Structure formats: C-alpha cells, structure tokens
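Got the model loaded in your viewer? Keep a selection box handy, and we'll walk through it stop by stop.

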Amino acid sequence: MKPSLPARAGVSVELQAPPWSSIPYDWYSDPAIYQREQERIFRGHAWNYVALEAEIPNAGDFKQTWVGDRPVVVARAKDGEISVLENVCAHRGVAFCSQPHGNAKTFQCPYHQWSFDLKGNLLGVPFRKGIKGEGGLPADFDFKDHGLNKLFVAQHNGVIFASYDPTMESIEDYLGEILPYFDRMFDGRELRVLGYWRQRIRCNWKLMIENLRDPYHATLLHVFLVQLSLNRADQPSSAILDRDGKHGAFTSRRGGEIDPEATKEIAAASKSLTLAGTQMLEPLHEFPPPHTLVMQTIWPNIILQQNLNALAVRQLVPRGPTEFELHWTNFGYASDDAAMIRRRTMQANLMGPSGLVSIDDSEVIEMAQRGVQRFPERAGVVEMGGFGTDSAEYTATEAPLRSMQKYYRSVMGL
Amino acid sequence: MELKLELLELYDAYGAALDDELERWPEFFTEDALYRIVARENYERNMLWPTMSCEGHGMMRDRIMAIRETSMFAPRQMRHFVSGVRVLEETSAGYRTQANFLVGESQVEAESRLFAIGRYIDLVVREGASGGFRFAEKLCVYDGNVILSSLIYPL
C-alpha cells in the first residue's frame, strides 16, 4: 500500500496503482504481442487512416499504403467511389501493384495477367477457356468469388479511413470528443499535398504514439522549442481524451513572459536562443485562437500535427515488433498563396526526419527500445498526475498514457 | 581539364568538411545560397518539399548550432563518398553540375550502415577576390525515400 498523497490539483488520492499505470517492457518486442496487435487492433475494431482525397482526386488515381503491416491500394473508380483493396492477387498472392501511386483503368497482375477493376472485381483471366479447347478454368469458376479483398471505407472532410471490421460506427462517432480538434485542420477546405517524408525507426510502433501522448516530455526534451520559447511548461496547455481514451489531443499556446516558478526545474529554460535566419519562425495565425499547437493521436495509426503553420499526417506502419515506418504527408490548403506555402516550407525544418524538434523524439524512442528490450521482465511507471485517465489542463501528467494503456489492455485482452 | 580538377577539389573538400569540420559547412556556399535536401519521390513529382532546407549562411549556422547545442541524438560519424562529378551546363549564372553521393553512418551502438545514396544537382559560381568556386544552389536528392532513423547532419 502506498501512503496517501498530499492533495494536489488533479492528482487522485487512490491508494493502489491500477494496472494501466505500468507498462510491461516486453510488450514492445514480443512477437506474439505484435501478431495479436495486428489482428485485434489494426485488423480489428478501428478506422485506420489510409489517404487524403487530395492524393487521388481523379478517376483512376490510386496510391499504395498500409493498414498495420498489410499492403493496400486506395483507388478512385470511374464513378468517383473510393475502394481500399488488399495488394495481393486473388490468384497466387502476388503484390499486383508495384507503383507507389499512379492512374490506371484496371489493375493487372504481372504474373498471369489476371485483371481487376478499381473496385476489386475480377475482370479477366487469360486462357480461361483453355488453349485450343484444352485446360482452362472449371466451368463453374465464378469471377464474383475471386475478386480482391476489400476493406470498409469511411471518408470525412477529405480524409479516407479503412477498416476490416463490418461493425464499425461512423467515422464521426469513432472520433467522438476529438472530432472538433480533427475538424480544426480538416474543415472541408480543399487540401494541397506539399510533399512526403518517410522514416524507418528502430523501435516498436507504440513508443511513437506514446511519445505524442506524453505532454510531460515536451518541455524537457525539446531544448530547441524551449530556448526559442515555442513551448514552455508555463504556457497554457491541455491534454484532451475521447470517452474511451483511445484518441488524444494535446494543445498548447505560445507566447507571454517566462514564468520563473514554472520553469525553474527546466535546465534549458534559463538560456534563450536567437536565430540568425528568422525565416523558419514567422508564423501566421490561420486557426481559431487560442491554440498555436495541436497534436492529435487518432487510434490506431496516425498523428495529426499542427505546429504553427506546419501541418502533417504522420502515419505509422509497423514493420515487426521492433521497427516501424513513419510516413509523413505534409499539406496545406488549395487556397494557400505563395507566402503561405513558403512559410510552411520553412517551418518544415522543425519537423520530419531532420526536424529540429522531431529529431529528439525519433532518437529518444530508439534509445527507449534499446532499454526495454534488454530488460523485458521490468515495467515502465506512468504515475505523473496520479492514476487518473481523464483529460487535463496541465502538462505534468501521464493521464493520456494511462488511458491508452487501459484501452490497449481491453482490446488486447491483457 | 582544369575546370574538372577544380570541381573535384570543391566536392572532395565539401564532403570532408561535412564529415569532420561541420562548422566549415557554410564556407562552401555563397552568402544567400539555397540548400535543400529532397526525397526522390518528391523531386520526381515536382514537389521540392525539403527534408532540410537553408536559405543563406544564417540558417546554415542555425542548423549547426542546433546540432551542437539543442538536438538530442545518439552519437554517430558520417562519411561522404562523392563521385561522378560532371558539368551539365554552363550558363551566365555559373556551372550547373551534378555528382553522386553515398553516405555511410556509424553509430556507437550499431553496425556501420549505408545511410543515403543520391545525387547533388548544384549551381557552382566563382566568387570573391580569389575567384574560387562556391555553391549558389545545392539540391541533394536522396534515392531511397526512407530515411533511416533521423537525418541529423547535412548531406
């Protein structure tokens, strides 16, 4: 039993730690856990992000992407309908699509030239009736039974999601309490894709999500942000969660004078930094006040980034228990003028594989992986802010980690 | 032939400086030079969306300062191998040049690995009293699209 704690705002006084205030280290590298995650999370009851509509605006447009570790193709048919198809030929399993993106009338497998329309229906099989009356498919072979496997699709304000689960609620219900934050970036305006980044990071995918759900680290790890006063512990912040804790939104507001009381424990705050080139930090307020930063984790596979004018979807693609890829789709709006595109491009220096802020994260989570893998019998402690799993209006909390742990354990049956 | 030798010397000195004397990196550029690192997938789609970009010496110095003082990353040694240096075009602005790069990365806690393969597409100009070559533009296009972990140092 733990001694009772002195009362502090937001810190619960329950005496016994709930299971979700600790995270077993072997869950970051166990192959059996990884397989169960693929089945129960990515191929389970979840809407997985797959694409922006702006990436496939025209009939015939397609792009390759991933749902968990399964390759899929997102395609727009002649009638405008969007399908998400597993990239595996119904015949012998060849990944029929090898172009990352493009425009096509049909998909044809290179091995035996079976062809499919953009909704996954089998259109043609060479030598179906044999050659000179010999061989060929059985007379009762029904094309309808041999189409590509299709996922269920949901669209909201230009963002496309896919699911293996036929019982999914609407995407709006799925986003729940996070929907207003989601709609802040995706308000129905036409999007413009500015470019892609991809990173292969040597750690379990959950460490990346947890990094974004951990408001506690931001003002300690990110010295660049702190020294430029872009993010400090004394700035008004909040960590919002949906009703079952699977999605999170972290908000922060830049500016104001440094509060020495709130920042005295942060070594970096005592120094301030000035930039020789100021192009990187000339933001323009384009979203409703007061937040200048909103980072969202949408379960299970994306992080939505709005830091000043730098906007991106970061998609997680697991590559086994101890590696994942992070696919960044950087975007603006079709209505952006040249000055706004330039602003977003300059601010890109803060984010991505070479981001002056995000480098810290991709590096520290690799270090975390090296640690947890070597000590699989131990567990992480997430007790900042007590044991609660609710939204908070401060940053010295790990409630979003506990809520994710609670939800994860229920989905995984752990 | 003299031009070729001079260009080879420029590229060799550039690679050596990046690997071992990062503070000298801006010296290889004109004061207002444009430096960009772009993934091939973006370059081929006419989206010059940079993974890293600097406009002029100021932003280059900021990048060096961040690497030295504010960024947190596992220590590593990079090694540049530059080859295939050639002049694509001579214009009134200078020489449009191209070269291949191959960059190795060695971390303390991991084996050496091939970090990046790609090409430089540059604009080289003569500058200053000595009339030496400097980059007025440097575009580093990396072929593999996927950055292994993080891109800490310039290419």
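How many bridges join β10(A) to strand β11 (residues 159-163) of chain A? Select both: five bridges join them, and the two run antiparallel. Before going on, some ground rules. Residues are numbered from 1 along each chain as its sequence is written, while chains are lettered from A and ligands numbered from 1 in the order in which they are written. This is a predicted model, where local features need pLDDT of at least 70, side-chain atom pairs count only at pLDDT 80 or more, and totals for chains, interfaces and linings use all residues. Helices (H or I, at least four residues) and strands (E, at least two) are DSSP runs, numbered from the N terminus, and two strands pair if DSSP finds at least two bridges between them.

**Stop 1: the hairpin and its sheet**

Stay on β10(A) and β11(A): they form a hairpin with two residues between them. Click Asn157(A) in the turn, and you'll find a positive phi of about 45°. Across the pair, Ala154(A) stands opposite Phe161(A) in β11(A).

Now add strand β5 (residues 82-86) of chain A, which pairs with β10 (residues 150-156) in the antiparallel sense over two bridges. Those partners are easy to pick out: Leu85(A) is matched with Lys150(A), and Val84(A) with Leu151(A).

Widen the selection to the whole sheet. It is an open sheet of seven strands in chain A, ordered β2-β11-β10-β5-β4-β3-β6, with antiparallel pairing. At the edges sit β2 (48-52) and β6 (101-103) of chain A, each pairing on one side only. Neighbouring strands here are turned by 30° against each other on average, direction ignored; the axes behind that angle are lines fitted to C-alpha atoms.

**Stop 2: Ile171(A)**

Next, jump to helix α2 (residues 171-175) of chain A and pick Ile171(A). Is Ile171(A) buried or exposed? Buried, because 20 other C-beta atoms lie within 10 Å (the cut-offs are 20 or more for buried, 12 or fewer for exposed and partly exposed in between, with C-beta atoms placed from the backbone). Leaving out residues up to four places away in sequence, Ile171(A) touches Trp47(A), Ala154(A), His156(A) and Phe161(A); contact here takes C-beta atoms within 7 Å. Draw a distance from Ile171(A) to Gln155(A) as well: the two are 16 residues apart along the chain, yet their C-alpha atoms are separated by 7.4 Å.

**Stop 3: the core**

Which residues touch the most other members of the largest nonpolar core? Select Val50(A), Val72(A), Val74(A), Ile160(A), Phe161(A) and Met208(A), out of 144 residues in that core. By nonpolar core I mean a set of buried Ala, Val, Leu, Ile, Met, Phe, Trp, Tyr and Cys residues joined through C-beta atoms within 7 Å. Zoom in on Val74(A): its contacts include Val50(A), Ile56(A), Phe62(A), Val84(A) and Ile160(A).

**Stop 4: two domains of chain A**

Colour chain A by domain: domain 1 is 48-156 and domain 2 is 176-412, with bounds that come from an automatic or database domain assignment. Their C-alpha centres lie 36 Å apart. Eight residues of domain 1 are in contact with 15 residues of domain 2. On the domain 1 side, β2(A) gives the largest share, three residues.

**Stop 5: a three-stranded sheet**

Still in chain A, select β7, β8 and β9, which form an open sheet in that order with antiparallel pairing. β7 (107-108) and β9 (122-124) are the edge strands. Two bridges link β7(A) to β8 (residues 115-116), and Phe107(A) stands opposite Phe116(A).

**Stop 6: across to chain B**

Finally, show chain B. The contact takes 30 residues from chain B and 36 residues from chain A. On the chain B side, α2 (40-44), β2 (50-55), α3 (56-70) and β7 (146-148) each supply at least two residues, with the largest share, seven residues, coming from α3(B). For a last look, select strand β12 (residues 191-201) of chain A together with β7(B): three bridges join the two, which run parallel. There, Arg200(A) stands opposite Leu148(B).

Key: Axes are lines fitted to C-alpha atoms, for helices over the stretch in contact, and angles run from 0 to 180 degrees between N-to-C directions. Two residues are in contact if their C-beta atoms, placed from the backbone, lie within 7 Å.
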